[in-house]
Structure formats: structure tokens, C-alpha cells
Amino acid sequence: MDLRLLIQENKLFTIGASLMKKIFPSVKTVQDFQKRLLRFFVLLFFIGILVFISSTKLLAQSVVVSGYFNAADVRDEWTELLVVSDNVDMRNWTIRDNNGNQDSWQTAVTFANVSLWSNLRAGTIIILYHRVINSSGASYTQDVDPADGYLQLHLQNTSYFSGGDFATSPFWSGNSMSIAGPGDIVQLRNSSGTHIHALGHRSTVGANWTALPSPKLNHKNSASSGDAIYVCPGSTINDYGTNTPQDGTTYTTKNATTLTFGLPNSCGGSNTINSDFWRSLREPAITMQTTTSSTAPTYPVAAATFFWDVATDPNPADNTVGYMILRNANTTFDAPTDGTTYSVGYVFPGGGEIIALMDNPGGTVTSYTDYGANDAGTYCYRIYPYRYSTDQPNGNSYDLARGVAYNTTNYVTVVCGTNPLPIEMIRLEAKQDGGNALVQWTTATEMNTHHFNIEKSNDGILFTTIGRIAAAGNSVVPIDYSFLDNEVENGISYYRISTIDWDGSISFSPVVALNYHQEMAIEIFQSFDFIRVLGVDESMIHVSLVSISGQILSQTSGEKNILMSTQNIPDGMYLLFAECNGFTTVKKLLVQH
């Protein structure tokens, strides 16, 4: 049947048939469409199977054995694990090794059912010493704080492990996790006993290695004392035992000179390839996004606010994800370096100043208000998410794959915005003007300003409006304003100007202080053997007559009108000190009888 005829004769199929022609434009008949539709669903089915298989393999490698070290004395041996997925629960997992022939498993060690193992982050590095002490008898330093993405423990620590054959005499002996030179396998299994990952070595693989499912790797060689067996090059997760060949030296190496203990594996003299993979695991995931900022006149003058969708944080409770916010006057920004912890105020050589480090803000959307954007100008921002803290054992900038990890591939861009300040004030000062205080200010530009309130405070905290002056409204040229405060008192007074726009919004100027000091005005009258002192108000006046040598000859106090006798004072030049309200006036006085 012709498809076009079907459309004409049966209106019920008009929409569906039209859709068929859009999806399959070369279809001429219904039978042809049915055949193609069947092939389409078969293809989807097989794609689904491939996706399932691929995802299953990825889940199986939630943690991998990155390497292990073979020593002459088991007390010097260690295994290095790498967590490659988020929210990995290793409680009741087991780690075990094989024998030299790879045909017999040793007693497994079990990860304890404790919180440390309950939720491990991707990129976490775990060093497991095989014994409690080294061959010199020294105890190993343990690090059980996962905040920096690094853990270091020994397998005989009963707080975090159980099981294993370590014998009793000596207490560190036994067969568990004792690497054999001719061959061995280190295997991880989950709490159900399901294989997770294995790394081994032997010139000819044994029966136990052959029986293991993927992912697994075997280094095709023996291991001498002092050799470490590593995954190499480790460029992707598939290098850890999914790719073929799984037996050989394509994805493994042996090294006795460059032991990358707790660091990315060195392959061909460089660990760059494996380091890039480790860093990709440690960096938080975020959707590349662009957002805009808005400005508003707040304290002290204006601020820029912006919002963004947060980075993927599978477990916000562990406080490991944060955001670095950079600001610049243009779109040029330097990227932070993995492994390095920075401080607010640091300016990158290539552009950008760190204005905030937001640790674990939580939520699905977060925001930041930049109160430093209080000048008329252009403000551009970039936000880099980060995970983990400074490397605890070795400090800042130890290695690119240790400590803080930044996502510098996907980040948040805040579109550059110009801060449209309603007013730009370029001068504000307060000075003494006789018995008053003169407040003066100058605006460089004004936009929709209605009036200014002059505010005064005795403590710089609580302000009271003492005057109001109309504003120019809109201006692009400097305008001078002034206000005379005729109720000023001796001491420090604080002034600020609040700007009120036509829309009712308010912004505040910085605060200026004036230390006002008015000399006490007195009048002195001499008549025969008396001196009369008159003050300017009813305040208490203290008067002292002092000789040139500094000897006090006479003192008296009173309010406003003071009479002091000089009858018993010898003739000569004296100094008269008149003190009132904490201020002192000194005048020369000639006494003659």
C-alpha cells in the first residue's frame, strides 16, 4: 500500500504517517516502515546492553590497586589503592594476596564497619602498610582524616581492620599480605565477596589469576626485593584492567628506583599521564555555566550579587567541596594550580584576585555578594569549584595530585557588569569653623539623586540626622556641598552623608571624624589687689596663679565669675591658668602694687 494513499484515505493516521516521513524520509510503504522500525529498536536494544556492560565495568572498578611494594622484610611493604568513584562504601570489603605460584589465596584482611570507610570520595589515595612497624621497629605514622583525599594506615590496626594471618610470634609475621617475589596477586573484593580489582605479577600467570574476572592486570615478570609493581601508564580507568592485554607489560611496570609512594605512577620516567587521570578524579564535577550579576546600593555604597548552580556534591556533610571566586576588571583570568591552597587577596599573575573562598555552602544554588564592587567600574568574575583541603602530611604545593583539586575545565563565568552607582562622592571632610563644625563634600557624578541627609554621631555607630540639603539630581560635573553644624561640642564627633534617590533607595558615604576644641573665652580684670575672671558659661572654672619658676601661688574655683586676691603676691610677671570643661587657657599677668 502506498503511504501517501494511506494518508489521504484514513485521517486517523495522518499525524503518525507525517511523523514517519520526517524520521524516515525515504520510506514509501507501511511495510518498509515496519522493517526499518524493527531494525531501529533492535539497534537500541544492543546499545542498551553495551551501556549496561560498560557501566557495570565502571562500577566494578570503584577502587583499584594502583601499585604495591615488595621488600626483603614484609614490615617494609605497602599497597596503594585509588578510589575512582564517589560515595564508595568499603565497609566489610576485603583485601588479600596470593602466593608465588598464583594458585593459593592467603587469609584476607577485612575493612572494619566504621565511618571512615563508609563514604569515600573519588580521587582518594589510600596507603596500606602491610605491618604495624617497619624493619627498624619504628611505628608507621597513620593519617585517618579524609579531608585532604589521602589516608595512610597499617593493616594490623584493629580499629579499622580485622582478620588476616599475622601470627603471634613475632606479632607482625604471618602469610597475609606478604608479597612473594616470583609472583603474587593483590585483590579487592566488596562486602558480598564480589571481585572489584586485582593487580599481580608473574612471568607465567597462575590458575587463580586466570580464574579472576575483569578488571585485572598481571605484570609479566618477577619482582625482586625493592621492586614496586605499578599500573602504567594509567591514562584512563580502562588502563587499570579493562583494556587488553591484561597480562604483559603494556599497562604495568616494575620500578625499584622511582618509588612513587602515594603519588601518581611514574611511567617511562614521567608520571604526567597518570597524574592527569588522578587529578580528573579528584576535581569536583560542575556544569560549565555563565551567569550575570546585579548591583544594588547597599552598604557601604553598592554591591554586586550573582547566583550559580552548584558543583556535584554527593555528600555535602563531609565539607570537602567549595568555590574560589576571582574578580577582575576584564575577562582575563589565571587558573589555580592543583595541589596549592590560596588565600583571599591573592592576585594571580595572569589576572584575577581571589575575593572569596566559600567552603561547603550546600544547597542546589548558591550566591555571593561582592561588597567590594562599590566603585563605578567594570566587574568580571570567575568561579572555580574545588575539592579537598591542603595535603596534611606534606603541606601546601606538595604535588599536583595531592591536596586541593580545582576544576579549571568547567567553571562559572559571571558576565562583566558596570556598577551604575547613583552617586560618586570624591570628597568628604569635617573641620572646625570658629564655634561651629563645617561639613563639606563633593560629588563627581550624580544620577537620580533627590537629597542628602547630614548625619551625626558621638560614637561612630548610632547616627542622627541633623540636616538636609537638596541634591542636583543628575550631573556629570563636580558639585560642592556644605553644611554648618552650630551645635557642636568639645570632643570627637562623627559625620556621614546619606544619599536618597528619587526611587527611595539609600546609600551611605564613609564616616569622617572631627575633634572639636573651642578655647574657653575669658575676660580678666585687675583692680588693686584683685583679679576677676569671667567665663563664657556657667561651667566650673579653675584658676591658678603660677610664678615663672612654676610655683603655684594661688588657686580658686567657681562658676563663671571668680575673684582672686593678689594682695600677698609680690610684684612681677606671672602666668594665669584658667581651666574649664577639660580645656585650659594660659595668659601672662603683671602684678604691681
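Guide: Two strands pair if DSSP finds at least two bridges between them. Strands (E, at least two residues) and helices (H or I, at least four) are DSSP runs, numbered from the N terminus. The model is predicted: local features need pLDDT of at least 70, side-chain atom pairs pLDDT 80 or more, while totals for chains, interfaces and linings use all residues. Numbering starts from 1 along each chain as its sequence is written, and side-chain values use heavy atoms, without hydrogens or water.

Visitor: In what order do the 6 strands of the open sheet stand?

Guide: The protein has 5 helices and 37 strands. In this open sheet the pairing is mixed. The order is E6-E5-E2-E1-E11-E13.

Visitor: Which strands stand at the edges?

Guide: An edge strand here has a single partner, so one of its sides lacks a neighbour in the sheet. That holds for E6 (150-154) and E13 (252-255).

Visitor: What is the bridge partner of Val231 in E13?

Guide: Strand E11 covers residues 228-231. E11 and E13 run antiparallel, joined by 4 bridges. Val231 is bridged to Thr252.

Visitor: At what angle does helix H5 run to E2?

Guide: H5 (residues 272-282) lies across E1 (63-69), E2 (78-83) and E5 (125-129). Axes are fitted to C-alpha atoms, for helices over the stretch in contact (heavy atoms within 4.5 Å). Angles run from 0 to 180 degrees between N-to-C directions. For H5 and E2, that gives about 55°.

Visitor: Is Leu590 buried, partly exposed or exposed?

Guide: Leu590 sits in strand E37 (residues 583-591). Buried means under 20% relative accessible area, exposed over 50%, partly exposed in between (1.4 Å probe, protein chains only). At 41%, Leu590 is therefore partly exposed.
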